[in-house]
Amino acid sequence: MTPKGASFKETRIIDGVEIEIVELYWANGSRSFECIHVEGEAMIGIVDDMPTNTLLLELLQAYRGRS
């Protein structure tokens, strides 16, 4: 399923890495949050609720292979 659009973007620095959070909304009314490693140009995760900094760190560590 393709998202209907994106409502906002937010950037946070987690463990010295810039992570962009993009809220996606879907045709059925649901939403999700895509977490992107800006420098690496890679999605590190997609979650249903606004991610906490703790969750972003976990996603980043998994992306780095250190979980």
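# Exercises on a small helix, its strands and their core

The buried residues of helix H1 are Leu56, Leu59 and Leu60. Keep these three leucines in mind, and remember that the model you are looking at is predicted.

## Exercise 1: The helix

**Task.** Find on which side or sides of H1 the buried residues Leu56, Leu59 and Leu60 lie, and explain why.

*Solution.*

1. Begin with the helix itself: H1 covers residues 53–64, 12 residues in total. From first C-alpha to last, H1 reaches 16 Å, close to the 16 Å expected at 1.5 Å a residue.
2. Next, pick out the buried positions, which are Leu56, Leu59 and Leu60.
3. Now look around the axis: these buried residues cover an arc of only 100 degrees, so they sit on the same side of H1.
4. For contrast, try Glu58, which also lies in H1. Glu58 is partly exposed, because its relative accessible area is 45%, and partly exposed values fall between 20% and 50%. Its C-alpha is separated by 9.9 Å from that of Gly45, 13 residues apart along the chain.
5. Finally, step past the end of the helix: Gly65 follows H1 and has a positive phi, near 85 degrees.

## Exercise 2: The order of the elements

**Task.** Work out how many helices and strands the chain has, and in what order they run.

*Solution.*

1. Count the elements: there is 1 helix and there are 4 strands.
2. Follow the chain from the N terminus, and the order reads β-β-β-β-α.
3. For the whole chain, 34% of the 67 residues count as buried.
4. Consider contacts between residues at least 6 apart in sequence: 24% of them join residues at least 24 apart.

## Exercise 3: Strand E3 and its partners

**Task.** Describe how E3 pairs with E2 and with E4.

*Solution.*

1. Take E2 first: it pairs with E3 in the antiparallel sense over 7 bridges. Across this pairing, Glu20 stands opposite Ile36, and Tyr25 stands opposite Arg31.
2. Look at the link between these strands. The hairpin of E2 and E3 has 5 residues between the strands, and Gly29 there takes a positive phi near 95 degrees.
3. Turn to E4, which pairs with E3 in the antiparallel sense over 5 bridges. Here Glu34 has Ile46 in E4 as its bridge partner.
4. E3 and E4 form a hairpin too, with 4 residues between them, and Glu41 in the turn has a positive phi of about 50 degrees.
5. Check how covered E3 is: 5 of its 7 residues are buried.

## Exercise 4: The nonpolar core

**Task.** Find which elements each supply at least two residues of the largest nonpolar core.

*Solution.*

1. List the members. This core has 11 residues: Ile14, Val17, Ile19, Ile21, Phe33, Cys35, Ile44, Val47, Leu56, Leu59 and Leu60.
2. Assign them to elements: E2 (17–25), E3 (31–37), E4 (42–47) and H1 each supply at least two.
3. Spot the helix leucines again, since Leu56, Leu59 and Leu60 are in the list.
4. Zoom in on one member, Cys35. Not counting residues up to four places away in sequence, Cys35 touches Ile19, Glu20, Ala42, Met43, Ile44, Gly45, Pro51, Leu56 and Leu59.

## Exercise 5: Ser32 and Thr11

**Task.** Decide for Ser32 and for Thr11 whether the residue is buried, partly exposed or exposed.

*Solution.*

1. Place Ser32 in strand E3. Its relative accessible area is 5%, so Ser32 is buried, the cut-off being under 20%.
2. See what surrounds Ser32: apart from neighbours within four places in sequence, it is in contact with Val22, Glu23, Leu24, Trp26, Ile46, Val47 and Asp48. With Trp26, the contact includes a polar one between the two side chains, at 3.1 Å.
3. Move to Thr11, which lies in strand E1 (residues 5–14). Thr11 has a relative accessible area of 43% and is therefore partly exposed.
4. List what Thr11 touches beyond four places in sequence: Glu18, Ile19 and Glu20.
5. End with a distance: the C-alpha atoms of Thr11 and His37, 26 residues apart along the chain, are separated by 10.0 Å.

Technical notes
Residues numbered from 1 in each chain as written. Predicted model: local features only at pLDDT ≥ 70, side-chain atom pairs only at ≥ 80, totals over all residues. Heavy atoms only, no water. Expected span 1.5 Å × (residues − 1). Buried < 20%, exposed > 50% of the residue type's maximum accessible area, 1.4 Å probe, protein only. Arc of directions from axis to C-beta. Core = buried A, V, L, I, M, F, W, Y, C linked by side-chain atoms within 4.5 Å. Contact = heavy atoms within 4.5 Å. Polar contact = N/O pair within 3.5 Å; in protein donor to acceptor, adjacent residues only side chain to side chain. Pairing = 2+ DSSP bridges.
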